[in-house]
Amino acid sequence: MDSDTLETFQQELTCSICMNCFLDPVTIDCGHSFCRPCLSLCWEEYQTPRSCPECRGISERPDLKTNIALKRLTFLARQARADHDHRSEEQICETHQEARGLFCEADQTLLCGPCSERPEHAAHSHSPIHRAAEESREKFLKRMGSLWKKREEMQLILNQEAKKTWSFKKYVVLRKLMIKFEYQRRHPLLQEEEKLHLEALKKEAKEICLQLKENVFRMTQQRESLKEMYRKLTEMCHKPDTELLQAMGNVLEMTNLAHMQKPQPVNPELTCWPVTGIQDMLNNFRVDNVLTQTTIHHVSLDDASVMSGDDPHGLSRQVDGGESFVAWGAQAFTSGRHYWELDVTPFSNWILGVTKDILTSDTIIHINYEEAFLLFSEKVNDQYSLFTNSPPLVQFVKRPLGRIGVFLDYDNGAVSFYDVSRGSLICSFLPSSFSYPLKPFLCLRSPLII
Ligand SMILES: [Zn+2]
Ligand SMILES: [Zn+2]
Ligand SMILES: [Zn+2]
Ligand SMILES: [Zn+2]
């Protein structure tokens, strides 16, 4: 190929973002092509909508496939360029006065033919510079793909952490109201304890907010350093063959380090402080054996309303449809105050509280979560979370161990949950007005079934 043809050929294979020969070329909806890394970085910077950097045409497809034909052509173009360049920049072996045209991967060095036959290289594999460089580019691209994926995962966790901070702050305000309600309703003489309790909450919440803030900051830095590394690798891939080969070892080591960074989400948990005399008070309203109707089989709870609601924690609420033990009261309460306790000790996943109606068929127990006051415990990725329904709300408090007390204050339109062993309030549905009968409800989910 003469040099004019080569130049025209190469111009056609130039990415308009980096002005280099295409690297892992992708073609977008408008027909224009770019290096995948250039486009990823460009789109990341300007977010949605994704438009073509050349013609501004909107691109809808989120996952871009490599344009294989173009990739083969760029390989040829780089080879032609390399043949041209190597001749002019060839490194000559001083011992043998021959061109160093081979790359030794084990030693990361360039060798001439006779050097490559020395005994110390006997067990190595040596390949022509251009082929070795193209193989390294492929290796880099693979690394870059996983770096980018990691960066995206980091972004996802970062968004969740930011959302969590927001919901946690909102929750603290609500928790204050729960505590005030608890003391005001039954312990008017415990003003001092209430005050201490609120102060402790304020202090603990402040510490957790700080942790969340620091974590968001740390993750933002990690995300940025991953992006920076991606950018460096992109630049590296565009370097001439010999330069690329000699820098390879360091770069791969650097990306290995980046892969070891693991984002650690904060799990905010407020302490539930004991309330003096709470148990005696609750015992005045004690009812035994409230759960009279039971069933054990493969049930799938109709979680539709919980799942479709705004999920402040970003956690999946998918019910696995495994074996569950479900129990509820035959009788419904329509007035008064009632307290009962339930033991959930061996279980990670459970639901308990009160609900209006329970409709059962062979395999489905349907609960309308709009007319239910329930506390859920769920284990996701080794982390427990507690939440209530209508609207779905994460309760950022320590998980109760053992017995849980349920207090239905029908007349005041309130439902509260207590950690019996700690003598503390887990959470409350604050006063509203009930206009329908409410039945006690319990569901213990697999894997631990009695
Ligand atoms: Zn480019
Ligand atoms: Zn375009
Ligand atoms: Zn030599
Ligand atoms: Zn060697």
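Here are some exercises on this predicted model, each with a worked solution.

Before you start, residues are numbered from 1 along each chain as its sequence is written, and chains are lettered from A, with ligands numbered from 1, in the order in which they are written. In this predicted model, local features need pLDDT of at least 70 and side-chain atom pairs count only at pLDDT 80 or more, while totals for chains, interfaces and linings use all residues.

**Exercise 1: the whole chain**

Work out how many helices and strands the chain has, and what share of its residues is buried.

Step 1. Helices (H or I, at least four residues) and strands (E, at least two) are DSSP runs, numbered from the N terminus. Here they come to nine helices and 19 strands.

Step 2. A residue is buried if 20 or more other C-beta atoms lie within 10 Å of its own, exposed if 12 or fewer, and partly exposed in between, with C-beta atoms placed from the backbone. By that rule, 30% of the 450 residues are buried.

**Exercise 2: how far to trust it**

Find where in the chain confidence is lowest and where it is highest.

Step 1. You need pLDDT, the predictor's confidence in each residue, from 0 to 100. The chain averages 84, and 89% of the residues score at least 70.

Step 2. Now go element by element: helix α9 (residues 304-308) is lowest, with a mean of 36, and strand β17 (residues 414-419) is highest, at 96.

**Exercise 3: helix α7**

Compare the reach of α7 with its expected span, then look for a kink.

Step 1. The expected span is 1.5 Å times one less than the number of residues. Helix α7 (residues 241-260) has 20 residues, and its expected 28 Å is close to the 29 Å from first C-alpha to last.

Step 2. The bend at a residue is the angle between axes fitted to the seven residues ending there and the seven starting there. In α7 there's a kink of about 50 degrees, centred on M248.

Step 3. Check burial too: D241, T242, L244, L245 and T255 of α7 are buried.

**Exercise 4: two open sheets**

Give the strand order of the four-strand sheet and of the three-strand sheet, and name the edge strands of each.

Step 1. Two strands pair if DSSP finds at least two bridges between them. The four-strand sheet runs β9-β16-β17-β18, with antiparallel pairing. Its edges are β9 (337-343) and β18 (424-429), each pairing on one side only.

Step 2. Zoom in on one pair: seven antiparallel bridges link β9 and β16 (residues 403-409), and Y339 has F407 in β16 as its bridge partner.

Step 3. The three-strand sheet has the order β4-β3-β5, again with antiparallel pairing. β4 (109-111) and β5 (126-128) each have a single partner strand, so one side of each is left without a neighbour in the sheet.

Step 4. Strand β3 (residues 102-104) is joined to β5 by three bridges, and F103 has S127 as its bridge partner in β5.

**Exercise 5: positive phi**

Place M19 and Q108 in the chain and say whether each is exposed, partly exposed or buried.

Step 1. Most residues other than glycine have a negative phi. M19, though, has a phi near 60 degrees, and Q108 has one of about 55 degrees.

Step 2. M19 is in the loop between α1 (3-12) and β1 (25-27). M19 counts as exposed because 9 other C-beta atoms lie within 10 Å.

Step 3. Q108 is in the loop between β3 and β4. Q108 has 13 C-beta neighbours inside 10 Å, so it's partly exposed.
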